[in-house]
Amino acid sequence: MPGLWLKPYLIYLLMVMMFFSCLKIDVKELKEVPKNWWRYLVLLVLIFFAPSFIIFLARPWLSDMIFVGLIIAAAMPAGISIVFLADLMGGEPLKALVLTTTTHILSPIVTPMVVWLFAHEIVNIEFGAMIILIGKLVIIPLVLAQIVRQFKNYEKVAKVGSNFNLVLLFLLVWSSIALARAPILANVSQFILASAIVLMLLVVTVIFSVWFGRNRAEDITWAVSGTYKNFTLASVVALTMFGPVAMVGAAVYDVLDNVLLIPIKWWATKTNHKK
């Protein structure tokens, strides 16, 4: 199937894509964290640990690799796109930026730790190898992007990168669909069950996020940040560490999260219109 030939190059494609995406990140914004440190700590638990724990409770009904894939997807950092989404929906893009920056910096350690915690009794988790893989996919592009940001004309690179990333995203999604198609068709009942579980946990996450926010803008920001993960990273990590079947979990998360953005956008627009 077309797209399968990209498999050996997925890691490198994602690193380039992460580099261009990380040009939007300014680590100086982390100075905002101490002002509301305990709130960000709660949100880190919401992003990294809470979804994985909910999926862990559903372990008896899931096959091993589907379960592992879901845990990997649930333990991913908040997607860089949450900055754009928060701004689009009337949230607070600065706080979304702080969250995606913090979660990406922590992900090489926290994500493997969460995956090991909930899945080590089922499959052999190569903790060190996962740290190295995620570190390579996240930290190297982030560091290089921060270096490029020091140059005067970095915004021109970022603008070109945004267009180039559309091509890279297409290639990554195309390859992911090609690789995950057969496992999904072979595990239709598991795919449906996993979808129900993920839908439930996403709804719970949104409800908590809205309760935790101090105003409507924060409600929107936390709802988007708590649910929208770096699914491309999840797919590559799942495929590299555990094979195509594990990608089903990332695919479930990705599809449902993008679908959930529709009612969140409707709610945010309605709320902002009332104000």
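At 49% relative accessibility, Ile109 falls in the partly exposed class, and this residue of the predicted model belongs to helix H5, which covers residues 93-119. Apart from its neighbours within four places in sequence, Ile109 is in contact with Phe127 and Ile131. Its C-alpha atom lies 18 Å from that of Ile80, a residue 29 places away in sequence.

Helix H5 also holds Ala96, and here the picture changes. Ala96 has a relative accessible area of 0% and is therefore buried. Once residues up to four places away in sequence are set aside, Ala96 touches Ile82, Val83, Ala86, Thr221 and Ser225. Ile80 serves again as a handy reference point: the C-alpha atoms of Ala96 and Ile80 are separated by 8.5 Å, with their positions 16 residues apart along the chain.

Attention now turns to the nonpolar interior. In soluble globular proteins, nonpolar side chains tend to be buried together. In the present model, the largest nonpolar core has 95 residues. Ile55, Leu62, Leu137 and Tyr253 are the members with the most contacts inside this core. Ile55 makes a good starting point for a closer look: leaving out residues up to four places away in sequence, its contacts are Leu62, Phe67, Leu70, Ile71, Ala74, Ile197, Leu201 and Tyr253. Two of the names in that list, Leu62 and Tyr253, also appear among the core residues with the most contacts.

Another of these core residues, Leu137, offers a link to helix H1. Its C-alpha atom is 9.0 Å from that of Val16, although the two residues are 121 places apart along the chain. Val16 lies in helix H1 and is partly exposed, its relative accessible area being 33%. Beyond residues up to four places away in sequence, Val16 touches Phe164, Asn165 and Leu168.

The aromatic residues come next. The structure holds eleven aromatic pairs. One of them joins Trp38 and Phe212 in an edge-to-face arrangement, with 5.9 Å from centre to centre and 90° between the planes. Because Trp38 lies in helix H2 (residues 37-57) and Phe212 in helix H8 (residues 188-212), this pair ties together parts that are 174 residues apart in sequence. The partners are not equally covered: Trp38 is partly exposed at 42% relative accessibility, whereas Phe212 is buried at 8%. Phe212 also pairs with Trp211; their ring centres are 6.5 Å apart and their planes meet at 35°, so this pair is tilted. Trp211 itself is exposed, with a relative accessible area of 64%. Trp38, Trp211 and Phe212 join Phe208 in one aromatic cluster.

Charged side chains take part in this aromatic picture too. The charged end of Arg39 sits over the ring of Phe212, 4.7 Å from the ring centre. Phe212 is thus described by its pairing with Trp38, its pairing with Trp211 and the charge over its ring. A further case of a charge over a ring involves Arg59, whose charged end sits over Phe67 at 5.3 Å from the ring centre. Phe67 is also one of the residues touched by Ile55.

The remaining results concern empty space. Rolling a probe the size of a water molecule over the atoms shows where empty space is left. The largest pocket has a volume of about 890 Å³. It is lined by 36 residues, and those closest to its centre are Met17, Ser81, Leu169, Tyr228 and Thr232. Several helices share in this lining: H1 (10-22), H4 (82-88), H7 (154-186), H10 (231-242) and H11 (247-274) each supply at least two residues. Helix H7 gives the most, with ten residues.

Enclosed space is also found, in the form of one cavity of 30 Å³ or more. About 40 Å³ of space lies in the largest cavity. Its lining is made up of Leu10, Leu172, Ser176, Thr232, Ser235, Val236, Leu239 and Met247. Helices H7 and H10 each supply at least two residues of this lining, and H10 provides the largest share, with four residues. Thr232 deserves a second mention, as it lines this cavity and is also among the residues closest to the centre of the largest pocket.

Note on methods
Residues numbered from 1 in each chain as written. Predicted model: local features only at pLDDT ≥ 70, side-chain atom pairs only at ≥ 80, totals over all residues. Heavy atoms only, no water. Phe/Tyr/Trp six-rings, centres within 6.5 Å; stacked < 30°, edge-to-face > 60°. Buried < 20%, exposed > 50% of the residue type's maximum accessible area, 1.4 Å probe, protein only. Lys NZ or Arg CZ within 6 Å of the ring centre and 35° of its normal. Core = buried A, V, L, I, M, F, W, Y, C linked by side-chain atoms within 4.5 Å. Contact = heavy atoms within 4.5 Å. 1 Å grid on protein atoms, 1.4 Å probe; cavity = no way out; pocket = protein on both sides within 12 Å on 5 of 7 lines; lining within 4 Å. Points joined across faces, edges and corners; volume = space filled by probe spheres on them.
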